[in-house]
Each structure stands twice: as structure tokens, then as C-alpha cells.
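Work through the exercises below with the sequence and the model side by side. Try each task before you read its solution.

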Amino acid sequence: MSIPFLKGHGTENDFVIVPDPDNALDLTPAAVAALCDRRAGIGADGVLHVVRSAAHPEAKGMAADAEWFMDYRNGDGSIAEMCGNGVRVFARYLQHAGHVTEGDLAVATRGGVKTVHIAKTVSDSGSAAGDVTVGMGRARLPEGDVTVSVGDRTWPARNVNMGNPHAVAFVEDLADAGDLYSPPPFSPPSAYPEGVNVEFVVDRGPHHVAMRVHERGSGETRSCGTGACAVAVAAARRDGGDPTVTGAPATYTVDVPGGRLVITERPDGEIEMTGPAVIVATGEISTEWLESAVRRADRMS
């Protein structure tokens, strides 16, 4: 027996996509971690479990507003509230599978229902898919001072919540972030009781920044959509351009190791993220291999 899958990425933040409209698969944390293993599995930063909202207990309440639910899992198998790049790739899969066409749609996530717009193809020949824009909702800015550290260096960080927690630190050089294999220590511990995504940011020009990120549960990734939004929000406040105060939208170009995202925060606080989303492969997962990998993980735990 086998399980169909696809592989996709958004600015090289990559995902194993598992279509399961009726929510019939039991994707345990060990199974997700096995799929995301870059040496013994398919390899990815996370899994996009594609389920109809009405078929998932966590999404039934959103079924009237969004037919499809993005049951997102981090690379270590843990559950995440949201993934901005993941939503774009999720939408691209729905288009690829013929469930939706270019234009607007809604996607249910644990961070709420997200509005998505799939642009028309870049060229008349249809040789390249258009960018995907995701309405990411509003940022929350919890009060209190936060710091993050690498080695013996510590920086102040902006606490930004995009449906998942972020600590945004502005540094002089992206190399200051170190290897990002392990989660950067933060203080106070009470600021992020369930861990945090940490972004290190440098300026590239007016309204143009670059970042590296340690994603909670995945390590350093090539891109983080919610992280890019958090960075744009933090940069706008630092630069004195809070759209909710100035009444003018703020748009930042955010370079990530895997490409470029454009983030716009409107005066009403709503944030939009635009960037590419690509399906690169389709295939089948051997259930025999997956069961063996899970048993092996259980023995080692």
C-alpha cells in the first residue's frame, strides 16, 4: 500500500504535502518526523496535511467559511498554529489538484481563516505560476521587554505574535545569528512558554531588510512567512511608520535565504504577504517504510 504525496516550497521553505480530504490518515508526530527527515525520509521543514474542514474536529467550526483546512505540522512532528509560506504552498496545491482556480479563496488554519489570492500566470504562455498573496490577519504586540542571545551576545527583541510567537532582533550582521542549529536562548522565559520563532534582521535599504530565522520545531529554515510578517511589523514600529498611527500602508521587502517576500501592513492592521509557491514533485509514500520508521522511532524514544 502507498500514500500519495507532493513536494512543494515557498521561497525554499519546503513541505511534504499529504492530501487526505476525509481525514482518514493518522499522522502521528513520529510519522511526520520520519517524512521530514532529510536523510532517511523525503525531507522537509514541515508537513501540509490537506483535509476538508468539515472532516477535522479542529476545523469543523470554520467549514462554513473555508472548505479546506491546513493541518500543519513542524518538521519534528509538533503541531503549529500557522505557517505563512505553508498557506501559499497549500493554496498552490489546491490549484494544482483542480480544487480551486486563480483568484480568491479561504483556507482554514489553527490561526483562523486566512484569505488567499492566486495571481494569474506570469506569462501568456502559462510558463510560470503567479505569486500567491495571503491575508495574514493582524499582529499582536505583547507588552514587556524581551531579549535573545547567541553565545555571549544579547540583543533586545520585539515580541510579535502572528498567530504564532516571534522574537525579532535587529543586528549588524546576519552572521551574528550563529549556526541556528539550536533555539537561541530568550528572556524572560515567561514571554514564550511554548517556545518561539527567532528572527535576526539587518537593513538592506529603505523599507528593505534581510533576515535569518530559527523556526520553533524545525531549526533554521530558508524562509518563514509569519516571521517575515513579524519582521515587517517590527521594522515599521522601529522606523516610526506604524500604519495604524500614520494612516498610510507600510510595505517592506524582506529577503530570506530562499528568496524574497513582500509584506504590506494596512492602516486597519491587516497584513498581506506576497511571494512564490511551487509544486516540484509528486510521488507515493510506502506505508511499509513509514510504519517501520515509526516503530524505529518508538524504540529509540
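**Exercise 1. A charge over a ring**

Find the ring that Arg238 lies over, and give the distance from the ring centre.

Solution. The model is predicted, so side-chain atom pairs count only at pLDDT 80 or more. Arg238 sits over the face of Phe170. The distance from the ring centre is 4.3 Å.

**Exercise 2. Aromatic pairs**

Classify the ring pair of Phe15 and Tyr72, then that of Trp155 and Phe200. Place each ring in its strand and state its burial.

Solution. Step one is the rule. Ring centres must lie within 6.5 Å, and planes over 60 degrees apart count as edge-to-face. By this rule there are three aromatic pairs.

Step two is Phe15 with Tyr72. Their centres are 5.9 Å apart and the planes make 75 degrees, which is edge-to-face. Phe15 belongs to strand S2 (residues 13–19) and Tyr72 to strand S4 (residues 68–74). The two are 57 residues apart, so this pair links distant parts of the chain. Phe15 has 0% relative accessibility and counts as buried. Tyr72, with a relative accessible area of 2%, is buried too.

Step three is Trp155 with Phe200. The centres lie 5.9 Å apart and the planes stand at 80 degrees, so this pair is edge-to-face. It also links distant parts of the chain: Trp155 is in strand S9 (residues 153–161), Phe200 is in strand S12 (residues 197–205), and 45 residues separate them. Both Trp155 and Phe200 are buried.

**Exercise 3. The chain as a whole**

Count the helices and strands of the chain. Then judge its compactness from the radius of gyration.

Solution. There are five helices and 18 strands. The radius of gyration is 19 Å, and the globule rule gives 19 Å for 301 residues. The chain is therefore as compact as a globular protein of that length. Its C-alpha atoms fill a box of roughly 55 × 50 × 40 Å along the principal axes.

Next, take burial and contacts. Buried residues account for 50% of the 301 residues. Of the contacts between residues at least 6 apart in sequence, 60% join residues at least 24 apart. The accessible surface is about 13300 Å², and carbon and sulfur atoms contribute 50% of that.

**Exercise 4. Strand S13 and its partners**

Which residues of S13 are buried on each face, and which strands pair with S13?

Solution. Start with cover. In strand S13 (residues 208–215), eight of the eight residues are buried. In a regular strand, side chains alternate between the two faces of the sheet. One side of S13 carries His208, Ala210, Arg212 and His214; the other carries Val209, Met211, Val213 and Glu215. Both faces are covered.

Now take the partners in turn.

- S12 pairs with S13 in the antiparallel sense over seven bridges. Asp203 stands opposite Val209. The two strands form a hairpin with two residues between them, and His207 in the turn has a positive phi of about 55 degrees.
- S14 (residues 219–221) runs antiparallel to S13, joined by three bridges. Val213 has Thr221 as its bridge partner. This is a hairpin with three residues between the strands; Gly217 in the turn has a positive phi of about 90 degrees.
- S15 (residues 250–256) runs parallel to S13, again with three bridges. Thr253 stands opposite His208.

**Exercise 5. What covers helix H1**

List the buried residues of helix H1 and name elements that cover them.

Solution. In H1 (residues 29–36), Ala31, Val32, Ala34, Leu35 and Cys36 are buried. Their cover includes S2, strand S3 (46–52), S4, strand S18 (278–286) and helix H5 (287–300).

**Exercise 6. Backbone exceptions in loops**

Locate the cis peptide bond from Ser187 to Pro188. Then describe the backbone and the burial of Thr11 and Leu180.

Solution. Begin with the background: most residues other than glycine have a negative phi, and most peptide bonds are trans. The bond from Ser187 to Pro188 is cis, with omega near 0 degrees. Pro188 lies in the loop between strand S11 (186–187) and S12.

Thr11 is not a glycine, yet its phi is positive, about 45 degrees. Its loop runs between strand S1 (2–10) and S2. Thr11 is buried, at a relative accessible area of 2%.

Leu180 is not a glycine either, and has a positive phi of about 60 degrees. Leu180 is found in the loop between strand S10 (165–170) and S11. With a relative accessible area of 3%, Leu180 is buried.

Definitions and conventions
Residues are numbered from 1 along each chain as its sequence is written. This is a predicted model: local features need pLDDT of at least 70, side-chain atom pairs count only at pLDDT 80 or more; totals for chains, interfaces and linings use all residues. Side-chain values use heavy atoms; hydrogens and water are left out. Rings of Phe, Tyr and Trp (its six-membered ring) pair if their centres lie within 6.5 Å; planes under 30 degrees apart count as stacked, over 60 as edge-to-face and the rest as tilted. Helices (H or I, at least four residues) and strands (E, at least two) are DSSP runs, numbered from the N terminus. Buried means under 20% relative accessible area, exposed over 50%, partly exposed in between (1.4 Å probe, protein chains only). A charge sits over a ring if NZ of Lys or CZ of Arg is within 6 Å of the ring centre and within 35 degrees of the ring normal. The radius of gyration is taken over C-alpha atoms; the globule rule is 2.2 Å times the number of residues to the power 0.38. Contact means heavy atoms within 4.5 Å. Accessible areas come from the Shrake-Rupley method with a 1.4 Å probe; for residues, only the protein chains shown count as cover. Two strands pair if DSSP finds at least two bridges between them.
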